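Please look through the sequence and the model below before reading on. The paragraphs that follow take up a hairpin, a loop residue and a set of charged pairs.

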Amino acid sequence: MSDEEHHFESKADAGASKTYPQQAGTIRKNGYIVIKDRPCKMRLCETSNLYQKKHLRSLESIYQFLGIVRRVVEVSTSKTGKHGHAKCHFVGIDIFSGRKLEDIVPSSHNCDVPHVNRTDYQLIDISEDGFVSLLTESGGTKDDLRLPTDDALLGQIKSGFEEGKDMIVSVMSAMGEEQICAVKDIGGQK
């Protein structure tokens, strides 16, 4: 036996997947989906299956009667070919860049759905190079996030920090990416 020590550099997350499969026909508006390897929030979902159209219309009338939701999902009226599958037309917005992406998938096939997490941190500092320092729940710091590119959100964070306000930032993470997506003032002064 050798007394050598072997060191392995691990960059994995213990085998946890960044996505999970879900049948295309079950994905609904305001859910999440991966389109062209990007995590997206569903904006429009159209299905060309006539049965699903009738089923959704009956669900829609029940929801309207209960006053819960006005429209469940947009449904196209096109029919499939003789040997074709019912198709789902997805229109999503990339949750990090805001770009609109589209995909058409047979409704019986599986799509990837990202694991999306939202975490709140207290803002500690903003560095000159555009990185933020955040206080984690365990008392440590998180220093690897850049300021957001959205001008309104960026202005809100910078002005609140310059005024010395205590601020909480919400960080959305999916598929190995993280970005500040919201900010709220918790009222106190530093």
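How many residues lie between strand 4 and strand 5 in the hairpin that they form, and which residue in the turn has a positive phi? In this predicted model, five residues separate the two strands of the hairpin, and the residue in question is G98, whose phi is about 80°. Strand 4 covers residues 87-94 and strand 5 covers residues 100-106, and the two pair in the antiparallel sense over seven bridges. Within this pairing, H89 of the hairpin has I104 in strand 5 standing opposite.

From F90 one can turn to a part of the chain that is far removed in sequence, since I27 and F90 are 63 residues apart along the chain, while their C-alpha atoms are 9.1 Å apart in space. I27 belongs to the loop that runs between strand 1 (19-23) and strand 2 (32-35). Is this loop residue buried or exposed? I27 is buried, because its relative accessible area is 2%, where the cut-off for the buried class is under 20%.

The charged side chains give a further view of how the strands are connected, with a count of seven salt bridges in the model. One of them is formed by D120 and K184, whose side chains meet at 3.8 Å, N to O. Because D120 lies in strand 7 (residues 117-126) and K184 in strand 11 (residues 177-189), this pair ties together parts that are 64 residues apart in sequence. Both partners fall between the buried and exposed classes: D120 counts as partly exposed at 41% relative accessibility, and K184 is likewise partly exposed, with a relative accessible area of 45%.

Strand 11 also contributes D185, which forms a salt bridge with K165, the closest N and O atoms being 3.8 Å apart. Here K165 lies in strand 10 (residues 165-174), so that the pair ties together parts that are 20 residues apart in sequence. D185 is partly exposed at 42% relative accessibility, and K165 is partly exposed as well, at 26%. Beyond such individual pairs, R38, D94 and E177 are joined into one network by salt bridges that share partners.

A further salt bridge is the one in which the side chains of K142 and D144 meet, at 3.2 Å from N to O. Is K142 buried or exposed? K142 is buried, because its relative accessible area is 14%.

Conventions:
Residues are numbered from 1 along each chain as its sequence is written. This is a predicted model: local features need pLDDT of at least 70, side-chain atom pairs count only at pLDDT 80 or more; totals for chains, interfaces and linings use all residues. Side-chain values use heavy atoms; hydrogens and water are left out. Two strands pair if DSSP finds at least two bridges between them. Helices (H or I, at least four residues) and strands (E, at least two) are DSSP runs, numbered from the N terminus. Buried means under 20% relative accessible area, exposed over 50%, partly exposed in between (1.4 Å probe, protein chains only). A salt bridge is a side-chain nitrogen of Lys or Arg within 4 Å of a carboxyl oxygen of Asp or Glu.
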